[in-house]
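Open the model in a viewer and keep the sequence panel in sight. The stops below are given in the order in which to select them.

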Amino acid sequence: MTEFDGKTILITGGGSGIGLATARRLVAAGGSVVIAGRDADRLAAAAADLGSPERVLAVPTDVSRTADLDALTSAVRDRFGQLAGVFANAGISLNARTADVTEADFDSVVGINFKGAFFTVQKALPILADGGSVVFNASWLVHRGMGGGSLYAASKAAVLNLARTLAPDLADRGIRVNTITPGHIATEMFTAVTGNDQIREYFRSQVALGRLGQPEDIADAVLFLLSPRSSYITGQEFVVDGGLVGSVAA
């Protein structure tokens, strides 16, 4: 018997990167996963990669649209009945100076990163088991300012505070709410944002442990927060960054 036998976890942004790595870990641990994301083709490929079709459900979803989240919740209920946990992982990045941010940029980033995270959890509550777990994905930028990152960082800071306030809000049901805060993680989004190897090397050089993180580094921490091993942890932030925020690289 493995740790997540009989348990179903919803992962938004589950088609690639940290979300897909977490789904792989959960399937290997005996769990069932629902992966949601905007790109239907990417989701289908991810589901095929995960194998175990009886324990994997892929649902194309734009988390900024509450109607999509209603449909997602219905699909989960119809297939699995109940959730044991939610990993609100979906997010997009924007590298732009504040003066250049448009209203459309604002609506897109906040719509997915904050509104999407909030309503993902709200819509999942009727099918989330008492004693379950919610994990939000934040960013190291909630702790360090960086030019060009004002909107993205603010949206992730909102997510961090949301977790802290949802923790007491849902405590009467025994639902724990925590945040994972990644550092520089080698994902497709990181590659797109950094642009070239020189910039990526600069970011790597900031990390005390001397390497970029891998999606699996975050996935392992998320599984801990979703599991009964973290049964007395709620309202907390789990920083997994190789020493980026709290240390100075030698």
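The tour goes from a strand to a helix, then to the empty spaces and a few single residues.

This is a predicted model, in which local features need pLDDT of at least 70 and side-chain atom pairs count only at pLDDT 80 or more, while totals for chains, interfaces and linings use all residues. Residues are numbered from 1 along each chain as its sequence is written, and side-chain values use heavy atoms, with hydrogens and water left out.

**Strand 6**

Select residues 176-182, which form strand 6. Helices (H or I, at least four residues) and strands (E, at least two) are DSSP runs, numbered from the N terminus. Of the 7 residues in strand 6, 7 are buried. Buried means under 20% relative accessible area, exposed over 50%, and partly exposed in between, with a 1.4 Å probe and protein chains only. Colour the two faces separately: Arg176, Asn178, Ile180 and Pro182 lie on one side, Val177, Thr179 and Thr181 on the other, and both sides are covered.

Now add the neighbours. Strands count as paired if DSSP finds at least two bridges between them. Strand 5 (residues 128-137) runs parallel to strand 6, with 5 bridges between them; look for Ser133 opposite Arg176. Strand 7 (residues 237-240) is also parallel to strand 6 and is joined to it by 4 bridges. Thr181 has Val239 of strand 7 as its bridge partner.

**Helix 5**

Which elements cover the buried residues of helix 5? They include helix 4, strand 5, strand 6, helix 6 and strand 7, where contact means heavy atoms within 4.5 Å. Select helix 5 (150-170) and place a distance between its end C-alpha atoms. The 21 residues of helix 5 reach 30 Å, close to the 30 Å expected at 1.5 Å a residue; the expected span is 1.5 Å times one less than the number of residues. The buried residues of helix 5 include Tyr152, Lys156, Val159, Leu166 and Leu170.

Keep Tyr152 and Lys156 shown and add Ser139, which sits in the loop between strand 5 and helix 5. Ser139 touches Tyr152, Lys156, Thr181 and Pro182, not counting residues up to four places away in sequence. Ser139 counts as buried because its relative accessibility is 4%.

**The cavity**

Turn to the internal space. On a 1 Å grid over the protein atoms alone, a cavity is a set of points where a 1.4 Å probe fits but cannot get out; a pocket is an open set with protein on both sides within 12 Å along at least five of seven lines, and lining residues have an atom within 4 Å of a point. Grid points are joined across faces, edges and corners, and a volume is the space filled by probe spheres set on the points.

A search of the whole structure finds 1 cavity of 30 Å³ or more, and the largest cavity has a volume of about 50 Å³. Select its lining, which includes Thr12, Asn89, Ile112, Asn137, Lys156 and Val159. Helix 4 (103-124) and helix 5 are the elements that give two or more residues to this lining, and helix 4 gives the most, with 5 residues.

While helix 4 is shown, pick Phe118 in that helix. Phe118 is partly exposed, at 32% relative accessibility. Its C-alpha is 8.0 Å from that of Val159, 41 residues apart along the chain.

**The largest pocket**

Next, display the largest pocket, which holds about 1100 Å³ of space. It is lined by 47 residues, and the closest to its centre are Gly91, Ile92, Ser93, Thr187 and Met189. Helix 6 (188-194) is among the elements that supply at least two lining residues, and helix 6 gives the most, with 5.

**Two last residues**

Select Ala186, in the loop between strand 6 and helix 6. Ala186 is partly exposed, at 30% relative accessibility. Leaving aside neighbours within four places in sequence, Ala186 is in contact with Leu212, Gly213, Gln214 and Pro215. Ala186 and Pro215 are 29 residues apart in sequence and 6.8 Å apart in space, C-alpha to C-alpha.

Finish at Gly19 in helix 1 (residues 17-28). Is Gly19 buried or exposed? Gly19 is buried, with a relative accessible area of 0%. Gly19 touches Ile11, Gly13, Gly14 and Asn89, not counting residues up to four places away in sequence.
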